[in-house]
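Dear colleague,

I am passing on the structure below, together with some notes on what turned up when I went through it. Please read the notes alongside the coordinates.

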Amino acid sequence: MDNKNNKEINIKELISPYVKNWKYFVGMVFLMGVLAIFYLKSKVPIYKAQTSVFIKDAKKMSAAGDMSMLQGLGGLTGMGTNSIENEVGVFESKTIIEDALKEHNFQISLYSKQALNDVELYGITSPYIFNVIQEKKDEELPKKPIYIKTNGSQITLSSKEWKKDIVTTFNKTISLPYAIIMISKNPSFKAPKKVEMSDLYFYYSDFENTVDNFQESLAVDLLDKDGTIITLSADFENKNKAKDFLNAIVRQYNIYSINDKNIESKRTKDFIDRRITIISKELGDVETQKEGFKSNNNIVDLPSEARINLQMKEQSKASVLEIGTQVELNRILQNTLNKKGTGDVLPLNIGLGNEAAVKSIQEYNTMVLQRNKYLVEATPDNPLVKDINRQIEEMKSSLSETLQKNIITLELARRKVETQLGGSEGSISKIPTQEKLFRSIERQQQIKESLYLLLLQKREEAAISMEITAEKARVIDKAFVFRKPVAPKKMFILGVFILAGLLIPFAIIYLRQLLQSTIITRSDLVKLTNLPVIAEIPKLKNKENPLVSFNDVSSMAEGFRIFVTNLKFLLPAKDDPHIILVTSSVKGEGKTFVSTNLSIILASPRSKVLVIGADVRNPQLQRYNPSMKSAKGLSEFLGGDELPLNEIIHPSGYNENCDFIYSGSIPPNPTDLLQNGKLDDLLKMVKNLNKYKYIVLDTAPLLLVTDSFLIADKSDAIVYVTRSEVTEKSYIDFLNSSVDDNKLKNVGIVLNSIKDSNFGYGNKYGYGYNAEEKKWWQKYFN
């Protein structure tokens, strides 16, 4: 029976942390459920398409009979057998998939950007028809989408991998870095409902990779091992693309089977296919030649280049004439300046273009006129006349130099413009030849484009003609799409997310317990030591009074009353005052808090209590009564001061039956004071008063100093305070070793500052007026 109880208790302890944190499980499951819904909404549904065909007389086929129709087809020469399994291999072969893909533009996939998941546009839902004319070998394939926008007949292609956009028109070859393509309008286009068509982009893949991807997606199986019905299926995002692919596979199979019955049409189609391959290559070469011609001749548009060169020629001619005129004007002025005398002015408004020279002429004429005025009233020997004559000569020399420099500058400019004029004339002379070559290239391009489109049309006509012949594979079920998508699997994904929502908090709680190094609950202490746990003190709430009061019915007061009850069982029966030593492992575990409240609960008219602050290194007792911070106390008494007891014993202020002896000032030698015997004298004096029934010693932490060990033998019981989520489990090993070494005797442990959810026996759900009704899980797990 005990084993059953122990097992039941252990199971409760294991499950209890997870049940206590049930809100985290509910919240995480809800969050993961929301994420699962968002994930499913963001994923494009994948649908399964399927078709079934009946192979006529598959069991009776021979190499000389029906199999001869596939002779000469690369990769299919081994079909001369009477086994239906080989027909499955034919459907799965790369050759038949290659021919099936040539009927459709599966290398380019067009998408419409949406809020959650993008929609693939195909068939009548696609506004464009893409044709891959030529692939550029050894070129790196695009990794990012190519965005397409149209404005009338103008097409703009852009990609983050390109330096600049490509602008073209419909039904024109477009040279991409990795292929040459052609884009046409889809005459059968119908905009799909509830699909935003403003932002379109497409992906390009080379033919080889496209074949590999479609071959991987195709599944071929026998419906019955004893029958000749074959099912073909494929999973695709776009339903119509899946159906077209499967129908194309069946169609190509029948084309192979009726090859010898329709040899003329086949040869026509083969010829067209070969010609399309050749024309595609030639068209690509012409496009490359056109691109190279423009690049080598630095031509963007030939007519525009011609207009620009003609404009430059006319501008250069006008500039040469203008510069020549300015040179002659400068020379005329220079000659006139050299011929004129000191009293003659120069002509001014003759069209000179140099503003500095015009200004200098104005200044020169002003000085000449001023000189002539001086001569009217003075003789040539007058100092003013001589001075202005000297200035005129200097100005004349400076002006002559200015005109000469201007002539040199104009000559240089004229030579530069004449060189530019020669270049323009040379470029103009080349235009007829360039235009002739460019028109030849462009004519070849137009011819090959028209021929390419014509061959595509003729190939379709030949294919239609071949369809008339009887087929070997009779279609039982034309390609259809199952209504429910095969991916994403909603219930599976939802289950995975919900399972993750359960496992994440479970793992966090488990790891937290696994890595937890501090004491949390009473059970942690029970596992670590055989010493009795005599009390569990709840954690203080915000703004809650740290001290209990008279008739206090709070959970903290009840916890201390249980503490006192259990403590009395530890105390021996005697008439002398009981000495209770309160200590802990380290600072901050609530030793002073426990001492103070213990004394308040112990105190009564019959049981007076004296609390002695024996932690002289770090006094904390006066923190509940700051006015006694400077009061004389234990340090002064132990230090030798002859103090009567009434001077160091002070009322607590909380309970009239509780008095305090505070620690006093911090001494330089606390260990020596506690060993000098004065503490024994103090305790003896207190006992002789016959006033106190309990003496509580609030001492220093054991792990930090040896003070408490020095006075431990003076106590009747030792209260060892631990604190939930603070006291390390390793501290209990120290406590156990101290008890084993007889350094500490009659020890009871108090677990302080426990959260309500971590209580053991005595908790806020205890008996009394303040008791709260337990929840169902609290009744079971607590």
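The notes below cover the annotated segments, a sheet, the nonpolar cores and some backbone features.

This is a predicted model, in which local features need pLDDT of at least 70 and side-chain atom pairs count only at pLDDT 80 or more, while totals for chains, interfaces and linings use all residues. Residues are numbered from 1 along each chain as its sequence is written, and side-chain values use heavy atoms, with hydrogens and water left out.

The unreviewed UniProt entry lists residues 22-40 and 492-511 under "transmembrane region"; UniProt positions are in the numbering used here, feature names are shortened, and annotations may be inferred rather than shown by experiment. In the model, residues 22-40 are 100% helix, with their end C-alpha atoms 27 Å apart, and residues 492-511 are likewise 100% helix, with an end-to-end C-alpha distance of 27 Å. Helices (H or I, at least four residues) and strands (E, at least two) are DSSP runs, numbered from the N terminus.

An open sheet of 4 strands follows the order S11-S12-S1-S13 with antiparallel pairing, where two strands pair if DSSP finds at least two bridges between them. Its edge strands are S11 (218-222) and S13 (473-481). Strand S1 (residues 47-55) is joined to strand S12 (residues 229-236) by 8 bridges, and Val53 has Ile230 in S12 as its bridge partner. Helix H3 (residues 84-92) packs on this sheet, touching S1, S11 and S12, contact meaning heavy atoms within 4.5 Å.

The largest nonpolar core has 40 residues, and those with the most contacts inside it are Ile612, Leu634, Ile648, Ile661 and Leu682. Such a core is a set of buried Ala, Val, Leu, Ile, Met, Phe, Trp, Tyr and Cys residues joined through side-chain atoms within 4.5 Å, with buried meaning under 20% relative accessible area, exposed over 50% and partly exposed in between (1.4 Å probe, protein chains only). A second, separate core of 36 residues includes Val548, Phe560, Ile580 and Met628.

On the backbone, most residues other than glycine have a negative phi, and most peptide bonds are trans. A cis peptide bond, with omega about -5 degrees, joins Ala487 and Pro488, and Pro488 sits in the loop between S13 and helix H11 (490-515). Asn171 has a positive phi of about 60 degrees and is partly exposed, with a relative accessible area of 39%. For Asn742, phi is near 65 degrees, and this residue is exposed at 54% relative accessible area.

With best regards

Terms used: Axes fitted to C-alpha atoms, helices over the stretch in contact; angles between N-to-C directions.
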